[in-house]
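Reader: Got a minute to go through a fold with me? I'd like to start broad and then pick at some side chains.

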Amino acid sequence: MVWLDEYERRARLIPGLLAIFPLAILLSVLSLRQLPTVSYAMGAAAVIGMPVVVADIVRQRGRKTEKTLWASWGGPPTTAWLRLRNSSDNEVQRDLWRKAVAEVSGVELLSLRAERANPSRADQAIATAVGQVRDRTRDTAKFKLLFNENRNYGFARNLYGVRWIGRGISLGGVMVVGAYMAWVSLGRHQDGITAESLFGVASCLAFFVYWCVWPSPGRVREAANKYAQQLLQSAVTLKGEAPAAASNPNA
């Protein structure tokens, strides 16, 4: 845990732990945690950096999913909102954001005519400008709300990115515990249907339902929009601070 910062723990580690948690349930139901070898292996994995590995895998899955979602959305929300060739629900707000982003980043955004002539270059200009704004808002204390929205978006994106892993592990848990109960009942002629086994099946099934219902493109897009809006508003804040700093150079 000490190797991961606040963002990584919330946005990357937690989705990964939720995905593999049914494995812990299996170890408990099958009484494997009592084996010294298993206990040593679990302790060693925690010490040598298993949380970091889990967080990195989740990050990679989330990034891959992000590219697919952006393609279906027509690009990142910030890019889509700043395009002049796209229709806008609030053109006044869009113009305010464009001016702030251009001034803060020092990157000139293309005109409507230039956008239509070269859409790819227009999007590249917007992406570059937004990237510059993002770099200037790394101060999590000053831009706390932006940090929170970024973390929420990362969590939603990564949770959706590892959904198939979570589904596979949880469904596999249901099957393994079911097979274990059948083996105990039929093979060993004992009562395999115990409270612990039923709890294991119910828990793994609940996780499977969660992974099928909760992570969704809609939830990711909602979180992405909130983060994008806060990022663009942060550009407006930075733009407003610039004149004040210029008028008081000795501050």
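Author: Sure, let's take the overall make-up, then salt bridges, then a loop residue.

Reader: What's the secondary structure here?

Author: This is a predicted model, and its secondary structure comes to eleven helices and zero strands.

Reader: And how much of the protein is buried?

Author: Of its 251 residues, 38% count as buried. The protein exposes about 14,300 Å², with carbon and sulfur atoms supplying 59% of that.

Reader: What about contacts between residues at least 6 apart in sequence, how many of those join residues at least 24 apart?

Author: That comes to 76%.

Reader: OK, salt bridges. How many?

Author: The count is twelve. One of them joins the side chains of R98 and E115, at 3.6 Å from N to O. R98 lies in helix α5 (residues 91-105) and E115 in helix α6, so the pair ties together parts that are 17 residues apart in sequence.

Reader: Is E115 buried or exposed?

Author: E115 is buried, with a relative accessible area of 1%. Its partner R98 is buried too, at 11%.

Reader: Which residues does E115 touch?

Author: Leaving out residues up to four places away in sequence, its contacts include L82, L84, L110, A122 and I126. A polar atom of the E115 side chain also lies 3.0 Å from the backbone nitrogen of L84.

Reader: Which residues share a salt-bridge network with E115?

Author: R83, R85, R98 and D123 are linked with E115 in a network of salt bridges.

Reader: Got a pair that links distant parts of the chain? Where does E241 sit, for instance?

Author: E241 is in helix α11 (residues 217-247), and its side chain meets that of K142 in a salt bridge at 2.9 Å, N to O. K142 is in the loop between α7 and α8, 99 residues apart from E241. Both count as partly exposed, E241 at 32% relative accessibility and K142 at 45%.

Reader: And what does E222 pair with?

Author: E222 forms a salt bridge with K226, the closest N and O atoms being 3.7 Å apart. Being four residues apart in helix α11, they are separated by about one helical turn.

Reader: Switching topic: where is T137?

Author: T137 is in the loop between α7 (119-135) and α8 (144-161), and is buried with a relative accessible area of 8%.

Reader: What does its side chain do?

Author: A polar atom of the T137 side chain lies 3.2 Å from the backbone oxygen of V133. Beyond residues up to four places away in sequence, T137 touches F143, L146, L231, S234 and L238.

Definitions and conventions:
Residues numbered from 1 in each chain as written. Predicted model: local features only at pLDDT ≥ 70, side-chain atom pairs only at ≥ 80, totals over all residues. Heavy atoms only, no water. Buried < 20%, exposed > 50% of the residue type's maximum accessible area, 1.4 Å probe, protein only. Polar contact = N/O pair within 3.5 Å; in protein donor to acceptor, adjacent residues only side chain to side chain. Contact = heavy atoms within 4.5 Å. Helix = DSSP H or I, 4+ residues; strand = E, 2+ residues; numbered from the N terminus. Areas by Shrake-Rupley, 256 points an atom, 1.4 Å probe, with all protein chains shown as cover. Salt bridge = Lys/Arg side-chain N within 4 Å of Asp/Glu carboxyl O.
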